[in-house]
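Look at the fold below and follow how its parts are placed against one another. A short report follows.

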Amino acid sequence: MNKHWKVLWRKENGARVFKVCETVAEAKEYRTKLRDKGVTGDIHLISKAWPYGIQKNAGPRPRGYLWCPYCVKWRVFKLLSFRTKEFPTPSEEVLCEVCLIPIQNYNVRKYNHLELEGIKEIQKMIADG
Ligand SMILES: [Zn+2]
């Protein structure tokens, strides 16, 4: 399986850094290397190329979480402010707090059965558990 994976962690100054790996095995190996080098915070493995449905071992949805098909985990989705080169004016969007995939993403909606809901309904659903 030649999927593309991203290993994501934060430097001591809080900056997000990542390394792209070919396979999940390579990504896990890199995570071990980072641990050996003394990285102590969270090190996340993100699927860049392929969305994953809810895994059998993931358990039921914790209150306030949605399934992130790219983190392959239950994650908190938050209203975050961001800007890009193309859109230099800061805009707000509900994103996975780790991999920053927007809640509007087709696969995020699909795996959380949110195909038809608007953002307000989704936020209410998250808050209500
Ligand atoms: Zn995510």
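Helix 1 (residues 24–36) lies across strand 1, strand 2 and strand 3, and runs at about 20° to strand 1. The model is a predicted one.

The strands under discussion belong to one open sheet: three strands in the order 2-1-3, with antiparallel pairing. Strand 2 (16–21) and strand 3 (44–47) stand at the edges and have a single partner strand each, so one side of each is left without a neighbour in the sheet. On average, neighbouring strands of this sheet are turned by 30° against each other, direction ignored.

How many bridges join strand 1 to strand 3? There are four, and strand 1 (residues 5–10) runs antiparallel to strand 3. As for single residues, K6 has I46 of strand 3 as its bridge partner.

The elements named so far can be set out by residue range.

| Element | Residues |
|---|---|
| Strand 1 | residues 5–10 |
| Strand 2 | residues 16–21 |
| Helix 1 | residues 24–36 |
| Strand 3 | residues 44–47 |

The chain as a whole comes to three helices and seven strands. Read from the N terminus, its elements run β-β-α-β-β-β-β-β-α-α.

Next comes the overall size. The C-alpha atoms fill a box of roughly 45 × 40 × 25 Å along the principal axes. The radius of gyration of the chain is 16 Å, which agrees with the value near 14 Å for a compact globule with 129 residues. Of the 129 residues, 16% are buried. Among contacts between residues at least 6 apart in sequence, 40% join residues at least 24 apart.

Notes
Residues numbered from 1 in each chain as written. Predicted model: local features only at pLDDT ≥ 70, side-chain atom pairs only at ≥ 80, totals over all residues. Pairing = 2+ DSSP bridges. Helix = DSSP H or I, 4+ residues; strand = E, 2+ residues; numbered from the N terminus. Axes fitted to C-alpha atoms, helices over the stretch in contact; angles between N-to-C directions. Contact = placed C-beta atoms within 7 Å. Rg over C-alpha atoms; globule rule 2.2 N^0.38 Å. Buried ≥ 20, exposed ≤ 12 C-beta atoms within 10 Å, placed from the backbone.
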